[in-house]
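Please open the model in your viewer and show the backbone as a cartoon. The tour below proceeds by selection, with a short account of what each selection contains.

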Amino acid sequence: MTTPSTHRPPIEPPSPEAVAEAGRLLRAGALVGLPTETVYGLAADATQGEAVARIFKAKGRPRFNPLIVHAADHGQAQGLGRFSPAAMRLAEAFWPGPLTLVVPRAAESPVADLVTAGLETVALRVPDHAVARSVIKAAGRPLAAPSANPSGRVSPTTAEHVAQGLGPAVSLILDGGPCRVGLESTVVAVDATQVSLLRPGGVPRAHLEEVLGRPLDDPDRAAGEQGPEPARPASPGMLLKHYAPATPVRLEATHRAPGEAVLAFGPAPLAGDGPTINLSARGDLAEAAAHLFAALRSLDASGAPGIAVMQIPTDGLGEAITDRLRRAAAGSGECPAPGTRQKP
Ligand code: TXA
Ligand code: MG
């Protein structure tokens with residue numbers, strides 16, 4: 001997807017002046033592309049309904065899909081939600097970091113209703129990225145920020161990805177370089193009795209279970225919904241078709257078709273002619289996660305007729321990596337989702 005150069009939003013290094021400008025723009029209701037340790041976010045002042053509405057419009061995101069609210073620190077987050085003892089333990093262990101906690105909304109929460117899509121819960125996260133936290137402080141407000149990609153497409157891990165995908169609706173993009181984690185945050189819902197994994201992500205399941213001292217509850221399994229796409233997604237954003245390149249993706253490939261692109265993992269990439277990107281030649285899952293989305297974009301743009309993905313382990317960060325690849329395979333090779341076409 002290309003955007004005419006006159007419609008490209010400005011990309012700036014995150015100097016103190018640019019951070020202050022981002023804060024000013026956000027207070028005025030504009031959208032800012034923001035680096036975090038996971039993926040780039042499309043930020044708006046979470047307390048202004050009109051600003052938040054711009055996020056949904058720019059992404060072509062369905063209004064029923066609520067947004068994550070980003071806070072500068074745990075103290076700010078505590079003013080927005082009600083933390084059970086389990087939520088407190090998780091926040092203390094993993095914030096700042098790639099964990100989003102879905103907790104009951106605080107009674108006096110200033111967050112606009114549109115952010116939570118009318119739910120009684122709010123998703124909160126303190127990002128482990130100095131630029132993200134200084135922009136939140138400069139804005140003086142919590143920031144609603146979904147991943148900065150058109151809805152249904154691959155998440156951005158560089159400032160350039162944001163500029164290519166979203167174009168003129170974004171007033172400024174701060175360039176923090178490539179994202180360290182490369183996968184979105186792990187989303188868990190915490191209520192009085194249960195801690196449920198809504199989306200695997202940058203904090204592996206085992207790390208959460210170690211802090212909790214018990215296994216996570218699985219909302220889909222608890223409801224007896226074993227199918228690939230539950231009728232009621234526990235997290236409204238977790239529809240199966242997501243993270244979709246335009247090129248067809250097939251998983252657990254053991255050979256390469258003629259001309260096919262290969263997304264490899266480990267020391268022995270599939271042989272044959274065609275573009276190849278190895279997520280990690282040494283079989284390291286953190287390295288693979290950091291490269292995943294940029295690799296999908298690059299193979300998608302290579303002109304190859306398909307992308308063959310080698311098997312990737314499902315332990316640790318592999319759970320989130322294979323989750324995203326499964327969604328990429330389910331949604332790939334189709335017309336862009338509604339609302340993802342570039343606006344003039
Ligand atoms: O790493 C990340 O989480 C990135 C960076 C920018 O922080 N953000 C991100 O946001 O991935 P987004 O909007 O693409 O994904 C948010 C997920 C969606 O699956 C959404 O449905 C879920 O969180 N979510 C948000 N609020 C929720 C709520 N109240 N209840 C259940 N799920 C919620
Ligand atoms: Mg997203």
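Select strand S12 (residues 261–264) together with S13: the two strands run parallel and are joined by 3 bridges. Within this pairing, display Leu-263 and its bridge partner in S13, Ile-277. The coordinates belong to a predicted model.

Next, widen the selection to the sheet. The sheet is open and has 4 strands, in the order S11-S14-S12-S13, with parallel pairing. At its edges lie strand S11 (249–250) and strand S13 (276–278), each of which pairs on one side only.

Add helix H9 (residues 285–300), which packs on this sheet. Helix H9 touches S12, S13 and strand S14 (307–309). Viewed against S12, the direction of H9 makes an angle of about 170° with that of the strand.

Now leave the sheet and select helix H4 (residues 85–94) and helix H7 (residues 205–212). How far apart are the axes of H4 and H7, and at what angle do the helices pack? The axes are 10 Å apart, and the packing angle is about 125°; the two helices are therefore oblique to each other. The crossing of H4 and H7 is right-handed.

Finally, show the side chains at this contact. From H4, select Ala-86, Arg-89, Leu-90, Ala-93 and Phe-94; these meet His-207, Leu-208, Val-211 and Leu-212 in H7. Coloured by character, the residues of the contact of H4 with H7 divide into 7 nonpolar, 1 polar and 1 charged.

Notes: Residues are numbered from 1 along each chain as its sequence is written. Chains are lettered from A and ligands numbered from 1 in the order in which they are written. This is a predicted model: local features need pLDDT of at least 70, side-chain atom pairs count only at pLDDT 80 or more; totals for chains, interfaces and linings use all residues. Side-chain values use heavy atoms; hydrogens and water are left out. Axes are lines fitted to C-alpha atoms, for helices over the stretch in contact, and angles run from 0 to 180 degrees between N-to-C directions. Angles under 35 degrees count as roughly parallel, over 145 as roughly antiparallel, 65 to 115 as roughly perpendicular and the rest as oblique. A crossing is left-handed if the near helix is turned anticlockwise from the far one by less than a right angle, and right-handed if clockwise. Contact means heavy atoms within 4.5 Å. Ala, Val, Leu, Ile, Met, Phe, Trp, Tyr, Cys and Pro count as nonpolar, Asp, Glu, Lys and Arg as charged, and the others, Gly among them, as polar. Two strands pair if DSSP finds at least two bridges between them.
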